[in-house]
Amino acid sequence: MKLATAQLHGRTFIGLIMEEDKILDIQRAEKKLFEMATAPQSMIECIEMGEKFINHLKQLELWVKKSDETESYLYSISEVKWLAPVLYPRKNIFCVGKNYREHAMELGSEADIPEDVMLFSKAPTTVIGHEETIDPHLHLTKELDYEGELAVIIGKKGKMISEEEAMDYVYGYTILNDITARDLQSRHKQFLLGKSLDTSCPMGPYIVHKSAMEDPYALNVITKVNGDVRQNGHTKDMIFSIEKVISTISQGTTLEPGDIIATGTPAGVGKGFKPPKYLMPGDVVEISIDGLGTLTNKIGE
């Protein structure tokens, strides 16, 4: 099951991807079929409903497939504007640093491979959606970089979560690009400013519910810049598992529905090349992850 936040004719809605080229406007389908809308208007509210919402969508999907009148609530994907699935995160995005051995080494040496989960965050104002434009912030940085990542969406509130229970707190998965200003990182001796420029967290195109993800450790992560493959990694190579990351964060920090965790990036970032291959105005970045589609964004000019 794939859930998106999208916009059509200026109206923002929560959509269910029905086929490769169709998206269902959930609230309008409810009004047409049941004469009332019960679905929330934001993705976080949908996530908070848990399995009740997923079961409702399954029933709605069956009704739609039987209906002969779908024009008013089933749209072509080419008609809509994609927004970030979690449009307004309630808190900073949690990010795991150096969670792939080869990536840690390309930015340093074997000594840089972490022994404990390394965490930083990105401000909520960084978030944009599929096909939206990344601001290059040319007045601030000359070293804008990409990082293709699998992101986990938290489904329910929890604290002091054990690794054994951690997957019970996962709602689904999406793609995230951890855009980074490397020179700001170096200058300020910390990650927040270099990671938190506006538009520096593209995510999407949609959330895949965990019931449709057989194994999150069996996914290829491929990043292309202008069609050139830069990253070709695999989630099985994570140093710290999703379970470990969730458990580590939650020992002293409450996780809530809609929280986003970026699980780290494989080798092949721009800074790792000699000479570095940083992003330039007009560049197009495409990140593909098995079962999650492709997240595409252009660097503004």
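This is a short tour of the structure above, one selection at a time.

Before you start, note that the model is predicted, with local features needing pLDDT of at least 70 and side-chain atom pairs counting only at pLDDT 80 or more, while totals for chains, interfaces and linings use all residues. Residues are numbered from 1 along each chain as its sequence is written, and side-chain values use heavy atoms, with hydrogens and water left out.

**Stop 1: three strands**

Select residues 11–19, strand β2, and residues 22–25, strand β3; they run antiparallel and are joined by 4 bridges. Helices (H or I, at least four residues) and strands (E, at least two) are DSSP runs numbered from the N terminus, and two strands pair if DSSP finds at least two bridges between them. Find L16, whose bridge partner in β3 is L24. Now add residues 74–76: this is strand β4, which pairs with β3 in the antiparallel sense over 3 bridges. Which residue of β4 does I23 stand opposite? Look for Y75.

**Stop 2: the largest core**

Keep I23 selected and add L150, Y173, I246, I261, L279 and L292. These residues touch the most other members of the largest nonpolar core, which has 52 residues. Such a core is a set of buried Ala, Val, Leu, Ile, Met, Phe, Trp, Tyr and Cys residues joined through side-chain atoms within 4.5 Å. Here, buried means under 20% relative accessible area, exposed means over 50%, and partly exposed lies in between (1.4 Å probe, protein chains only).

Helix α7, residues 242–250, gives the most to this core, with 4 residues. Select the helix: 7 of its 9 residues are buried, including I242, V245, I246 and I249. The buried residues of α7 pack against β6 (93–97), β7 (118–122), β11 (148–154), β12 (170–177) and β17 (260–262).

**Stop 3: T174**

Move to T174 in strand β12. Is T174 buried or exposed? With a relative accessible area of 1%, T174 is buried. A polar atom of its side chain lies 2.8 Å from the backbone oxygen of Y206, and the backbone nitrogen of G204 lies 3.5 Å from a polar atom of the T174 side chain. Beyond its neighbours within four places in sequence, T174 is in contact (heavy atoms within 4.5 Å) with residues including P85, L150, M203 and L292.

**Stop 4: aromatic pairs**

The whole structure has 3 aromatic pairs. Rings of Phe, Tyr and Trp (its six-membered ring) pair if their centres lie within 6.5 Å; planes under 30 degrees apart count as stacked, over 60 as edge-to-face and the rest as tilted.

Show W82 and Y206: their ring centres are 6.3 Å apart and their planes at 55 degrees, so the pair is tilted. W82 lies in strand β5 and Y206 in strand β14, so the pair ties together parts that are 124 residues apart in sequence.

Next, show F120 and F191, with ring centres 5.0 Å apart and planes at 70 degrees, so this pair is edge-to-face. F120 is buried at 12% relative accessibility, whereas F191 is partly exposed at 27%.

**Stop 5: two cysteines**

Finally, select C95 and C201. Why is there no bond between their sulfurs? The two sulfurs are 6.5 Å apart, too far for a bond. A disulfide is a pair of cysteine sulfur atoms within 2.5 Å, and the structure holds 0 of them. C95 is buried at 0% relative accessibility, and C201 is also buried at 0%.

Key: Polar contact = N/O pair within 3.5 Å; in protein donor to acceptor, adjacent residues only side chain to side chain.
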